[in-house]
Structures are given as C-alpha cells and as structure tokens.
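Please work through the exercises below with the sequence and the structure in view. Each exercise sets a task, and a solution then follows in steps.

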Protein chains: 2
Amino acid sequence: MPSDTKTALLDVAEHAARARGFDGFSYADLADAVGIRKASIHYHFPTKADLSAALMDRYHAALEGECRKIEASHDTGSKRLRALIQLYRDALNDGKTLCLCVSLISSRESLSEEVIEKIKAFRTMMVQRISAVFELGQKDNTISGVTDPPSEARATLALLEGAHLTARAEENTITFDEAVAVLKSRC
Amino acid sequence: MPSDTKTALLDVAEHAARARGFDGFSYADLADAVGIRKASIHYHFPTKADLSAALMDRYHAALEGECRKIEASHDTGSKRLRALIQLYRDALNDGKTLCLCVSLISSRESLSEEVIEKIKAFRTMMVQRISAVFELGQKDNTISGVTDPPSEARATLALLEGAHLTARAEENTITFDEAVAVLKSRC
DNA sequence: GTCTATATCTTGATAGAC
DNA sequence: GTCTATCAAGATATAGAC
C-alpha cells in the first residue's frame with residue numbers, strides 16, 4: 001500500500017488544482033493542508049510535473065471507473081447520458097472546482113509535455129465513452145435526434161466542460177443546469 | 001488619445017492572459033514584450049487587478065461590437081449563428097489562445113471581486129445576444145429544433161467555450177470544428 | 001519519511017531621480 | 001512617462017541530519 005501521505009497529497013493537490021489552476025497552488029499550500037513541511041513533498045513527488053502527471057493518471061482511472069459503473073448500472077442510452085451529466089454536475093462542488101483537465105489546460109504553457117499528452121489521452125477516452133452512449137441511445141431510441149454519435153460525443157464533452165466554466169463564474173450549480181438543459185431534454 | 005504604450009500593454013497582456021492564464025503571465029513578461037521596464041507598467045496599471053479590469057472592459061466592448069456587426073451584416077438567424085461560431089473560431093488563434101473570460105475564470109481565486117463581476121456581466125451580455133439570434137432563427141425558421149432561445153443561448157456559450165478548451169488541448173482548430181459540427185448542422 | 005536550512009529565482013509593488 | 005534601485009514575499013528545488 002502506498003503511504004497515506006502520498007494519497008493525502010494527491011487529494012489536496014487535486015482539489016487545489018481544480019479550484020485554483022496549475023499556477024494557482026504551491027507546495028506550501030499542500031504542506032499546510034496535509035500537515036508536513038513543503039520539502040517533504042519532494043520525497044513523494046520530486047517535481048510539480050511529476051505531481052501533475054500522477055494527478056492526471058489517477059483522474060483518468062477514476063473517471064474511466066465512473067463511466068464503467070454507469071454502463072453497469074444503467075441499461076439505456078438516455079439513462080447513461082443522464083448519469084454522465086450528473087457525474088459532471090457532482091464534480092463541480094457547487095461551482096468551486098472544475099474538471100481537472102479543464103483547470104490544467106488553461107495553464108498549458110506551464111505543463112510538461114507528458115501531462116499534455118495525458119490530458120489528450122483523457123479526452124480521447126471520454127469522447128469514446130460518450131460516443132458509445134450516443135450509439136446506444138440511437139439504437140434503443142432513447143436519445144432524440146442523434147445522427148452521428150462521435151460528433152455528439154465531442155459536442156457533449158465540450159458542453160459539459162463549458163458548463164463547468166459557466167458555473168465556476170457564478171459559483172453555483174444553477175448555471176450548469178441551465179447550460180445542459182437542452183441536452184437533457186433530448187433524453 | 002491614450003498613450004500608445006497603454007494600448008500596447010493591453011494588447012500584450014490580453015494575448016498573455018489568453019495564452020497562459022491570469023497566474024501564468026507577469027509584469028516582467030509584459031515589460032519584455034513592450035520594451036519598457038516592469039516598474040513603468042505600474043504607472044499605467046497600478047496593480048494587476050487594475051490591468052485585468054481594463055482588459056475585461058476592452059474585451060467586453062470589443063465582443064459586443066463584433067456582435068453588433070454580425071447583426072448589421074447578416075439578416076437571418078442561421079447566418080448570424082454561423083458568424084458567431086466563426087467569431088469564436090477566429091479567437092482561438094489556431095488553438096493558442098482562449099476566450100479571455102475562460103482563461104481568467106480558471107484562476108478565479110486570484111481575481112479581484114471587480115473582475116469577477118465583469119466576467120459575469122460579459123457572460124450575461126453574450127447570452128442575451130446569442131438568445132436574440134436563436135429567437136430570430138426560430139421565427140424565420142432558419143435554425144432547426146429551437147424550443148427555448150435562452151436555454152439554447154446558455155448551451156451555445158458553454159459549447160463554444162468548451163470547444164475552445166478542447167482545441168487548446170490539441171493546439172489546433174480541427175477539434176473546435178468537430179465540437180461545433182452538430183450545432184452548425186442545425187443552421 | 002520527515003525534518004531544518006538554504007539556494008536561487010520570480011513575483012507584484014514602491015520610492016525617488018530624471 | 002520611464003528609469004534605477006530596492007523590497008518583502010512567494011515559488012520550486014536541493015543537501016544533509018535524524
């Protein structure tokens with residue numbers, strides 16, 4: 001089992017990155033929150049690039065797991081799409097945190113190449129999962145107006161992430177709900 | 001006429017903010033780019049909060065002007081919506097810069113209250129303008145499937161901003177085009 | 001694994017000369 | 001309006017003791 005400290009650091013770092021962006025949090029912040037000195041963090045994550053890579057790895061795995069859970073517990077396209085929207089809604093934390101890959105990409109030039117690749121891989125994975133949902137919704141006729149599932153998937157991911165930003169501006173969930181209302185009305 | 005230096009600073013700062021985020025650029029960067037010392041910048045913009053407020057003011061006015069131009073030169077809902085999509089597409093700069101309010105909001109906790117209010121005001125303005133486009137498109141029957149223009153407007157703004165993020169990740173325009181393809185197919 | 005101590009650099013901002 | 005000089009605070013990162 002990896003040390004609890006490492007997990008605690010990842011937890012705190014993920015929240016910090018999603019709330020304040022990559023350039024908006026420091027090792028000092030993490031040290032304060034976890035209760036160790038900032039030099040000690042370098043034992044677990046030598047550089048901030050290492051930390052953010054670990055962050056993206058964990059986030060990718062977690063979201064992929066959530067998608068799998070949704071597929072396992074919902075049998076129609078519309079139910080899966082609704083669950084996916086709810087997943088992003090929950091990730092908002094009342095407008096206080098963005099999706100990790102959204103908050104990171106705004107600081108693109110501060111990121112390592114490795115992290116940028118991980119962000120791209122994450123997005124590819126999500127588009128594939130969402131595309132499968134639309135494909136099912138087209139077949140079982142539970143999502144209206146689907147002509148091209150991959151296009152719908154790319155639009156949906158953009159919409160969900162954009163709705164996150166909208167809600168972050170107002171720091172509430174209402175704005176998110178308003179932005180996804182049209183999509184929801186289709187399923 | 002305000003000094004050329006002030007305009008040059010705003011130009012450079014806007015590009016920097018949109019490319020690297022609020023926490024990702026410094027007075028030193030601007031000084032280098034404009035060719036003066038960083039202390040001199042404080043004469044024009046005493047604090048970074050003042051600078052970002054000026055940035056938002058100018059951005060708000062510029063985008064509102066672009067919207068008015070679109071309304072003046074296109075007479076149908078579908079034409080106006082297409083022009084609006086093109087406006088955001090151009091703002092991408094081949095995936096190198098985001099919309100200013102997107103890049104700022106990711107660093108929400110670093111912003112002054114004043115700037116946050118300006119971001120909200122900008123979004124309200126854009127939603128109203130886009131809503132009017134959908135209303136026209138509904139009346140003149142050039143945009144398909146419109147039931148509630150304000151909802152469509154909020155979804156469209158979220159989609160356009162989300163598509164910006166998508167394209168920023170890949171640093172190209174293709175991803176933007178893919179994300180807005182479904183919307184485009186409606187007009 | 002965590003600590004103290006330190007190095008080095010960058011940050012936004014101010015004072016005061018020209 | 002722009003400069004030099006300077007500041008205090010913060011950043012990431014390293015060395016070496018415990």
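**Exercise 1: DNA strand C**

A backbone N or O atom of Y27(B) lies 3.0 Å from a phosphate oxygen of DNA strand C, and this counts as a polar contact (a pair of N or O atoms within 3.5 Å; within protein, one must be able to donate a hydrogen and the other to accept it, and residues adjacent in sequence count only if both atoms are side-chain atoms). The model is predicted, so to speak of local features pLDDT must be at least 70, and side-chain atom pairs count only at pLDDT 80 or more, while totals for chains, interfaces and linings use all residues. Residues are numbered from 1 along each chain as its sequence is written, chains are lettered from A and ligands numbered from 1 in the order in which they are written, and side-chain values use heavy atoms, with hydrogens and water left out.

Task: find which residues come nearest to DNA strand C, and describe the surface around the strand.

Solution. Begin with the residues near the strand, where near is taken as having a heavy atom within 4 Å of it: there are 18 around DNA strand C, and R37(A), S40(A), H44(A), S26(B) and K48(B) come nearest. Of the strand atoms within 4 Å of the protein, 62% belong to sugar and phosphate. Next, look at single contacts: an N or O atom in the side chain of H44(A) is 2.6 Å from a phosphate oxygen, whereas a side-chain N or O atom of H42(B) is 3.2 Å from a base nitrogen of DNA strand C. Finally, turn to the elements (helices are DSSP runs of H or I with at least four residues, strands are runs of E with at least two, and both are numbered from the N terminus): α3(A) gives the most to this surface, with four residues.

**Exercise 2: DNA strand D**

Task: find which helix gives the most to the surface near DNA strand D, and list contacts with its phosphate oxygens.

Solution. The strand is surrounded by 18 residues, the closest being S26(A), K38(A), R37(B), S40(B) and H44(B). The helix that gives the most to the surface is α3(B), with four residues. A phosphate oxygen is 2.6 Å from a polar backbone atom of R37(B), another contact places one 2.9 Å from a polar backbone atom of K48(A), and the side chain of Y43(B) has an N or O atom 3.1 Å from a phosphate oxygen of DNA strand D.

**Exercise 3: helix α7 of chain A**

Task: compare the expected span of α7(A) with the distance between its end C-alpha atoms.

Solution. The expected span is 1.5 Å times one less than the number of residues. Helix α7(A) covers residues 113-139, which are 27 residues, so the span should be 39 Å, and this agrees with its end C-alpha atoms, 39 Å apart. Just after this helix, N141(A) takes a positive phi of about 60°.

**Exercise 4: an aromatic pair**

Task: classify the pair formed by Y59(A) and F122(A).

Solution. Rings of Phe, Tyr and Trp (its six-membered ring) pair if their centres lie within 6.5 Å, and planes under 30 degrees apart count as stacked, over 60 as edge-to-face and the rest as tilted. Four aromatic pairs are counted over all chains. With 5.3 Å centre to centre and 45° between the planes, Y59(A) and F122(A) are tilted. The pair links distant parts of the chain, since Y59(A) is in helix α4 (residues 48-73) and F122(A) in helix α7 of chain A, 63 residues apart.
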